[in-house]
Amino acid sequence: MTSQRSSPKLRQGPFARHRPRGLRRPSWEIDPHFDLNAHIRHIALPSPGDVNTLQSLVGDLMGTPLDPTKPLWQLHVVDNFNGGSALVCRLHHCIADGLA
């Protein structure tokens, strides 16, 4: 999938440019250097690939901040989970607040 075919919303991020105090609020802007490969990652769990191994990976992923210079989301396709795959989605709360 190329970045030109992706949804315009996926290429946006809430950017707060360095600014003097009180002049402008952060706004949603298109990332002109959007790269889908920076947001969708394909990885494999080490053996045994069970729930505990996946939970350890998710803990590591969630403990790593999202890059604030890019739109604030990531998808991780995780192979070798109980003989199949899992999908781990990371979204910043500014994107997902109100979703249930």
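I'm taking contact to mean heavy atoms within 4.5 Å. The model I'm looking at is predicted.

**Overall layout**

I began with the fold. The protein chain has two helices and five strands, and reading along the sequence I get β-β-β-α-β-β-α. Of its 100 residues, 30% are buried. I also looked up contact range: among contacts between residues at least 6 apart in sequence, 56% join residues at least 24 apart. The accessible surface came out at about 7200 Å², with 56% of that belonging to carbon and sulfur atoms.

**His76**

Next I went to His76, which sits in strand E4. Is His76 buried or exposed? Its relative accessibility is 2% and the cut-off for buried is under 20%, so His76 counts as buried. Leaving out residues up to four places away in sequence, I noted that His76 touches Arg41, Ile43, Leu61, Ala86, Leu87, Val88 and Arg90. I checked for polar partners too: the His76 side chain makes a polar contact with the side chain of Gln74, at 3.0 Å.

**Leu61 and the core**

Leu61 was on the His76 list, so I looked at things from the other end. With the same sequence neighbours left out, Leu61 touches His76, Val88 and Arg90. Leu61 and Val88 also turn up in the largest nonpolar core, eight residues in all, together with Leu45, Leu54, Leu57, Val78, Phe81 and Ala86. Helix H1 (51-62), strand E4 (73-81) and strand E5 (84-91) each supply at least two residues of this core. Which element gives the most to the core? I found that H1 does, with three residues. As background, nonpolar side chains in soluble globular proteins tend to be buried together.

**Leu75**

Then I stepped back along strand E4 to Leu75, which lies in that strand. Leu75 has a relative accessible area of 24%, and partly exposed runs from 20% to 50%, so I logged Leu75 as partly exposed. Leaving out residues up to four places away in sequence, Leu75 touches His39, Ile40, Arg41, Leu87, Val88 and Cys89. I pulled one C-alpha distance here: Leu75 and His39 are 36 residues apart along the chain, and their C-alpha atoms are separated by 6.1 Å.

**Leu91 and the surface**

Last stop was the outside. Which residues make the nonpolar surface patch of about 270 Å²? I have Trp28, Leu91 and Ile95 down for it. Leu91 is found in strand E5, and at 40% relative accessibility I put Leu91 down as partly exposed.

How values were computed: Residues numbered from 1 in each chain as written. Predicted model: local features only at pLDDT ≥ 70, side-chain atom pairs only at ≥ 80, totals over all residues. Heavy atoms only, no water. Core = buried A, V, L, I, M, F, W, Y, C linked by side-chain atoms within 4.5 Å. Buried < 20%, exposed > 50% of the residue type's maximum accessible area, 1.4 Å probe, protein only. Helix = DSSP H or I, 4+ residues; strand = E, 2+ residues; numbered from the N terminus. Polar contact = N/O pair within 3.5 Å; in protein donor to acceptor, adjacent residues only side chain to side chain. Patch = residues over 30% accessible without salt bridge, like charges linked within 9 Å, V, L, I, M, F, W, Y side chains within 5 Å. Areas by Shrake-Rupley, 256 points an atom, 1.4 Å probe, with all protein chains shown as cover. Salt bridge = Lys/Arg side-chain N within 4 Å of Asp/Glu carboxyl O.
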